[in-house]
Amino acid sequence: MGITKNTLPPLKNKKRRLEGLIIYGGVGLLTFFLTTIFSFRSVITHDYGVLLDRIFRIYLGEFPYRDFNLPTTPLTYLIQAAVFKIFSPTVYWMKMSLSTMNTILVCGAIYTVRKFLKTPLILILLFVIPIAVTWSPGIILMHPWYDFDANFFAFFTLFSLLFFNHSEKKYWLPIAGVWCGLSILSKQNIGMGSFLSSLLFLIILRNSWKERWIAMVYFLAGTTLVAGAFGAILLWNNALSPAIDWIFVRASRRSGNLLEQAFHVVFRWNHNFVKYVFLLYAISAFLFWKAVLQGQSSARLKFGIVLYAFITVWFSCLAEGGNDYPQQQIYLSLLCPLLFGFCIQENWRKTLRNFKFWMVSLICFIMIFWPVYKNWNIPFKFGVVKWSVDTPRMKGYYFQYSDYRFVKDLLDFETHIPKNEKIFLWPDPIFFYFATDRKPLTPLSGFVITAWESPQEDNDQIRELLEAEKVPWAIIGQETYFDFGYLRFGIPMSWDQAVKKNIAMTSRGDMSKLRDYLYKNFEEVKGPVGYWALRRKGIQ
């Protein structure tokens with residue numbers, strides 16, 4: 001009796017299950033261990049401070065867009081706030097959630113190449129596993145982040161579409177739509193890339209337009225369910241209008257022209273590996289499209305996978321003027337066995353004599369080498385990034401000494417201020433309120449230079465909030481200039497002198513009105529290194 005995909009001999013079936021158990025167990029433990037090691041050596045930057053601040057606000061009961069500004073879709077913040085609620089509000093549990101999700105992602109990639117691409121075990125061990133682990137975004141990012149979550153859900157969108165194609169069971173389509181909706185709710189550009197590539201995937205895999213329309217309707221049902229639920233929650237919490245403004249209007253203003261960004265990705269000198277990856281995707285797509293035209297079996301499936309990866313990764317680059325480096329390369333672990341399909345012969349002797357085999361092997365070795373060379377040494381290459389503050393909530397974040405002394409002095413100074421006395425901090429570190437278990441005062445938690453996130457009208461509201469609540473303390477960083485990831489503090493003069501010389505509070509846009517208000521209503525007292533500590537006049 002012939003062997004089909006549903007009828008394997010019992011012994012072979014048991015052997016494959018044992019093989020899978022060993023692979024998933026080993027890869028899972030390795031990925032979890034490496035992600036944890038790397039994430040607990042991560043360097044905190046301005047963006048991660050903003051992440052902590054906004055997660056902490058949700059944990060305290062505030063709602064995104066209604067109570068504080070949020071420039072992206074909110075799912076990552078909601079997930080981490082739930083982690084805080086279930087376990088405790090500490091960096092430790094954030095890192096544990098990252099390790100868990102990254103492990104699931106890598107194991108999902110291995111499962112995909114085994115089940116759907118029927119990749120030989122030797123190729124899985126030599127190439128697929130190293131590429132999946134080294135390029136896993138959890139190890140590269142080292143923090144829970146909306147890029148990671150958006151790509152996590154985008155991958156499992158493809159995963160569900162592959163299950164639909166394999167089983168022809170339509171319930172996989174709304175499941176894929178839900179995953180895609182969650183990707184959009186994590187980050188707009190990556191989620192939209194997943195959405196568009198999912199529709200193209202269905203068009204490629206279905207044989208007639210009737211089948212295509214039916215499949216797309218089922219898929220859209222899942223995406224619509226997520227979007228409808230999200231909209232209803234926003235409406236119920238009086239946050240729908242500001243959410244639309246932040247998610248669509250301001251975000252598109254920030255992103256700018258997508259064609260211009262695409263041009264930057266292709267032609268700027270600092271995107272060498274991106275060029276290599278996209279060229280690889282483009283060549284692969286061409287080869288598989290040619291195979292489709294030749295009527296080769298499974299060519300449509302392979303072409304659909306490559307196209308899905310190409311579009312999703314491309315959209316992940318289209319932010320920040322095309323400067324973003326695509327952290328999500330888990331799809332390279334799928335591309336590897338697809339390329340080997342062009343050069344594997346009926347036996348290994350012929351395969352090893354095939355020049356194409358060695359070319360593909362070289363390409364895959366470059367895939368493994370590049371992330372190790374570019375990213376894996378980041379937590380350790382700066383020997384000075386080894387200082388951690390003695391605050392339980394912040395264990396797992398590290399600083400170079402120049403930043404550490406500012407943060408440590410600030411946190412030590414805070415311990416002398418009663419918890420019932422409110423503190424306004426400007427501009428960094430944004431994680432101050434999370435670390436000290438104090439409620440943030442203003443909806444403006446970003447304090448970055450760009451006007452799309454810190455418009456003047458929002459800056460002006462800070463004065464009103466400080467006056468309405470008669471906030472007794474203002475701690476102002478002596479920032480000389482804004483440098484992403486570092487505290488460039490240290491103006492060697494008093495608050496009075498710095499204001500009169502127009503040096504204080506000039507590094508993050510026009511804060512002159514707020515500075516004048518502080519100068520009029522507060523007076524300087526002895527404070528932490530790198531900051532001016534201001535106490536409201538008339539308060540004992």
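# Reading a helix, a sheet and two cores

Modeller: Let us begin with helix α15, residues 332–340, which is mostly covered, since nine of its nine residues are buried. Please keep in mind throughout that this is a predicted model.

Biologist: Which residues of α15 are buried?

Modeller: The general idea is that an α-helix has 3.6 residues a turn, so residues three or four places apart point the same way. In α15 the buried residues are Leu332, Ser333, Leu334, Leu335, Cys336, Pro337, Leu338, Leu339 and Phe340.

Biologist: Cys336 is in that list, so how should I read a cysteine there, and why does Cys336 count as buried?

Modeller: Buried means under 20% relative accessible area, and Cys336 counts as buried because its relative accessibility is 0%. Cys180 is buried too, with a relative accessible area of 0%.

Biologist: How many disulfides does the model contain?

Modeller: A disulfide is taken to be a pair of cysteine sulfur atoms within 2.5 Å, and by this rule the count comes to zero. Cys336 is in no disulfide, and the nearest cysteine sulfur, that of Cys364, is 3.4 Å away.

Biologist: Turning to the nonpolar cores, how many residues has the largest, and which have the most contacts inside it?

Modeller: A nonpolar core gathers buried residues of nonpolar kinds that are joined through their side-chain atoms. The largest one here has 139 residues, and those with the most contacts inside it are Ile110, Phe155, Tyr281, Ile305, Tyr331, Phe340 and Met394. Helix α7, residues 146–167, gives the most to this core, with 13 residues. Apart from it lies another core, of 21 residues, among them Ile491, Ala498, Ala504 and Met511.

Biologist: Which residues does Tyr281 touch, leaving aside those up to four places away in sequence?

Modeller: With those set aside, Tyr281 touches Val306, Ala309, Phe310, Val313, Gln329, Tyr331, Leu332 and Leu335. Of these, Leu332 and Leu335 are among the buried residues of α15.

Biologist: Next the sheet: in what order do the four strands stand?

Modeller: One reads a sheet by following which strand pairs with which, and here the four strands form an open sheet in the order β3-β4-β6-β5, with mixed pairing. Strands β3 (423–426) and β5 (522–525) stand at the edges, each with a single partner strand, so one side of each is left without a neighbour in the sheet. From one strand to the next the twist averages 25 degrees.

Biologist: In which sense do β4 and β6 pair?

Modeller: Strand β4, residues 473–477, pairs with β6, residues 531–536, in the antiparallel sense over five bridges, and Ala474 stands opposite Leu534 in β6. Helix α23, residues 512–521, packs on this sheet and touches β3, β4, β5 and β6, while its direction makes about 75 degrees with that of β5.

Biologist: Which residues are joined by a cis peptide bond with omega of about -5 degrees?

Modeller: One such bond joins Trp426 and Pro427, and another joins Asp428 and Pro429. Pro427 lies in the loop between β3 and α20 (432–436), and Pro429 is found in the loop between β3 and α20 as well.

Biologist: Finally, what is the phi of Glu168, and what is that of Met505?

Modeller: Glu168 has a phi near 65 degrees, a positive value in a residue other than glycine, and Met505 has a positive phi near 55 degrees. Glu168 is found in the loop between α7 and α8 (172–186) and counts as partly exposed at 45% relative accessibility. Met505, in the loop between α22 (495–500) and α23, is buried, with a relative accessible area of 3%.

Conventions
Residues numbered from 1 in each chain as written. Predicted model: local features only at pLDDT ≥ 70, side-chain atom pairs only at ≥ 80, totals over all residues. Heavy atoms only, no water. Pairing = 2+ DSSP bridges. Helix = DSSP H or I, 4+ residues; strand = E, 2+ residues; numbered from the N terminus. Axes fitted to C-alpha atoms, helices over the stretch in contact; angles between N-to-C directions. Contact = heavy atoms within 4.5 Å. Buried < 20%, exposed > 50% of the residue type's maximum accessible area, 1.4 Å probe, protein only. Core = buried A, V, L, I, M, F, W, Y, C linked by side-chain atoms within 4.5 Å.
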